Amino acid sequence: MKQYIDAQKAFFLTQTTKDVSFRINELNRLAKLLKDNEEVLNKAILDDFKKSAFENYLTELAFVQHDIKEAKRNLHRWARRQKVKTNVANFPAKSYIIPEPLGTVLVIGAWNYPYQLSISPAVAAIAAGNTVIIKPSEMPSETARVMAELINNAFDPKILKVIEGGVKETTELLKQDFDKIFFTGSTTVGKIVYKAAAEKLIPVTLELGGKSPAIITKDANLKMAAKRLIWAKFLNSGQTCIAPDYILIHKSKEQEFLKYAVAEIEKAKYAFDNDNYVQIINEKNFDRLAAMLDTSKTHYGGETNRAERYIAPTLLTAISWEHPSMQEEIFGPILPVLTFSEIDEVFTNVRKFDKPLSLYVFTSSSKTKNRVLNELSFGGGAVNEAVMHVSNPHLPFGGVGTSGIGSYHGKAGFDCFTHYKSIIDKPTWIELPIKFSPYSKTKLTWLRRLFKLQ
Ligand code: NAD
């Protein structure tokens, strides 16, 4: 792996990646590769966890293609030097900022959206003029293999290279001298990555997880809330970092909401032998999730099939904050529904957890909406919607506190892999003598006048 990193570093120094048309060319290569091989990519993800071509297109391939399109459309503008004002103290001079690629970067992907989470950060890194090593998650083995095969055959490894592997290989990669590490995954592994990067002062973006609540107030449109939340939760069988993890609903509306939620689940026809539902990624996660199931608390669902790694969409009710499903990020098709009487309880209880990656509030009261948005800290989220904020490239995507450091998507992705180099550019025809020694009282008086400070 060192040989690939050294080759990328040497290539970066040739300055080739500074050329915006070079970057656009590489992005076109990637877009074409993904389009031409859609069937191969569909087959791999179907083999790994029975994700259908429809879901693969909606949540992975279209997502990446959209990122590429957005970067290409804006790249000339993003990569341009930006003129800024010059202050009086520097007169006469020009001031500007040069967006500079960081160099050779490492992207470590998570398994739940294996294509999107490995390739989208790489799109941003290439757009910003970096060379990139991708280390996809090893858990969906077919998608990792196919990504490596396709990308490594189509790209010069000096520009983009996929290195496959698990903990051992990632540990080795983390010892190398990258100019940036972009990690998507769990908070636990995020800490390992952060520590390794700190040893070498390598900047990081950490896209992590957490328990993302969905709050439903008594004045909410319950039917719409159920429709949107059920889709957002059971997409990818709940294996989505921004899936609504649990629901907090006003107790007077719980029964009505549950009626709509059950109707939505039934309408969606989720089953392990059709295209509407994906498998749990592996037995380890199946067992972890099955341990959260609790027949005495199951309002709907609860059926499992270990051989098929299937857990039916499940609603849990009448559970306490101490219930196993409330002790960690669920990351599966189990949705606990908890209730509150006063809105203040929501604030107290959400704050008992680490700052979530996402938060959703369903309400028709702008007072409640604004209180939730202003007073609770979370990565990002939505009002009367769930999950969809991730699909707007104009919204930087990332966590806060233990749910992550930094953000990406659209311009934020470009920024994430760019150093903004600030320059004062001075002519030589004049130099004001005031800052030079020997200092004097007169000079100090002039300095004070110039700065106009207190
Ligand atoms: P994970 O942390 O287990 O693995 C992520 C990556 O780290 C993989 O590539 C894996 O090979 C590597 N890795 C695992 N253990 C390692 C170790 N000890 N040392 C070095 N590298 C190691 O995460 P996961 O199971 O793939 O993903 C699930 C988690 O990721 C959830 O918490 C979820 O919320 C979060 N997630 C966050 C986002 C986001 O955008 N914020 C997106 C998807 C998933």
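Me: What volume does the largest pocket have?
Reply: In this predicted model, the largest pocket comes to about 1,300 Å³. Its lining counts 46 residues, and Gly185, Ser186, Thr187, Thr188 and Val189 are the closest to the centre.

Me: Cool. Which element gives the most to that lining of the largest pocket?
Reply: That would be α8, with six residues. The elements that each supply at least two residues to the lining are α7, β6, α8 and α11 (283-290).

Me: And by class, how does the lining of the largest pocket split up?
Reply: The lining of the largest pocket has 18 nonpolar, 17 polar and eleven charged residues.

Me: Where's the ligand in all this, which pocket?
Reply: The ligand takes up the space of the largest pocket. The elements that give two or more residues to the shell around the ligand are α7 (167-173), β6 (180-184) and α8 (187-199).

Me: How many residues surround the ligand, and which are the closest?
Reply: There are 25 residues around the ligand, with Gly109, Glu138, Ser186, Leu208 and Glu329 as the closest. By class, that shell has 13 nonpolar, eight polar and four charged residues.

Me: I'd like some distances. What lies 2.6 Å from an oxygen atom of the ligand?
Reply: That's an N or O atom in the side chain of Glu329. The backbone gets involved too: a backbone N or O atom of Gly109 is 2.7 Å from a ligand oxygen, and a polar backbone atom of Gly185 is 3.1 Å from an oxygen atom of the ligand.

Me: How much of the ligand's accessible area does the protein cover?
Reply: The protein covers 89% of it, where the ligand on its own has 840 Å² of accessible area.

Me: OK, changing topic. How much space lies in the second largest pocket?
Reply: The second largest pocket holds about 420 Å³. Of the 24 residues lining that pocket, Leu58, Thr59, Phe63, Val390 and Ser391 are the closest to its centre.

Me: Which elements give two or more residues to that lining of the second largest pocket?
Reply: Those are α4 (53-79) and α5 (114-127). The largest share, six residues, comes from α4.

Me: And what are the classes in the lining of the second largest pocket?
Reply: The second largest pocket is lined by 15 nonpolar residues, eight polar ones and one charged.

Me: Now the enclosed spaces. How many cavities of 30 Å³ or more are there?
Reply: The count is four cavities. The largest cavity has a volume of about 80 Å³, and the second largest has about 60 Å³ of space.

Me: What lines the largest cavity?
Reply: Among the lining residues are Asp67, Trp78, Ser120, Tyr408, His409 and Phe414. The helix that gives the most to this lining is α5, with four residues, while α4, α5 and α14 (410-416) each supply at least two. By class, the lining of the largest cavity has seven nonpolar, four polar and one charged.

Me: Which residues lie nearest the centre of the second largest cavity?
Reply: Thr240, Ala243, Asp245, Glu329 and Phe331 lie nearest its centre, out of 13 lining residues. You've met Glu329 already, as its side chain has an N or O atom 2.6 Å from an oxygen atom of the ligand.

Me: Nice link. What about the classes in the lining of the second largest cavity?
Reply: The second largest cavity has five nonpolar, five polar and three charged residues in its lining.

Terms used:
Residues are numbered from 1 along each chain as its sequence is written. This is a predicted model: local features need pLDDT of at least 70, side-chain atom pairs count only at pLDDT 80 or more; totals for chains, interfaces and linings use all residues. Side-chain values use heavy atoms; hydrogens and water are left out. A residue is near a molecule or strand if one of its heavy atoms lies within 4 Å of it. A polar contact is a pair of N or O atoms within 3.5 Å; within protein, one must be able to donate a hydrogen and the other to accept it, and residues adjacent in sequence count only if both atoms are side-chain atoms. Accessible areas come from the Shrake-Rupley method with a 1.4 Å probe; for residues, only the protein chains shown count as cover. On a 1 Å grid over the protein atoms alone, a cavity is a set of points where a 1.4 Å probe fits but cannot get out, and a pocket is an open set with protein on both sides within 12 Å along at least five of seven lines; lining residues have an atom within 4 Å of a point. A molecule sits in a cavity or pocket if more than half of its atoms lie within 2 Å of its grid points. Ala, Val, Leu, Ile, Met, Phe, Trp, Tyr, Cys and Pro count as nonpolar, Asp, Glu, Lys and Arg as charged, and the others, Gly among them, as polar. Grid points are joined across faces, edges and corners, and a volume is the space filled by probe spheres set on the points.
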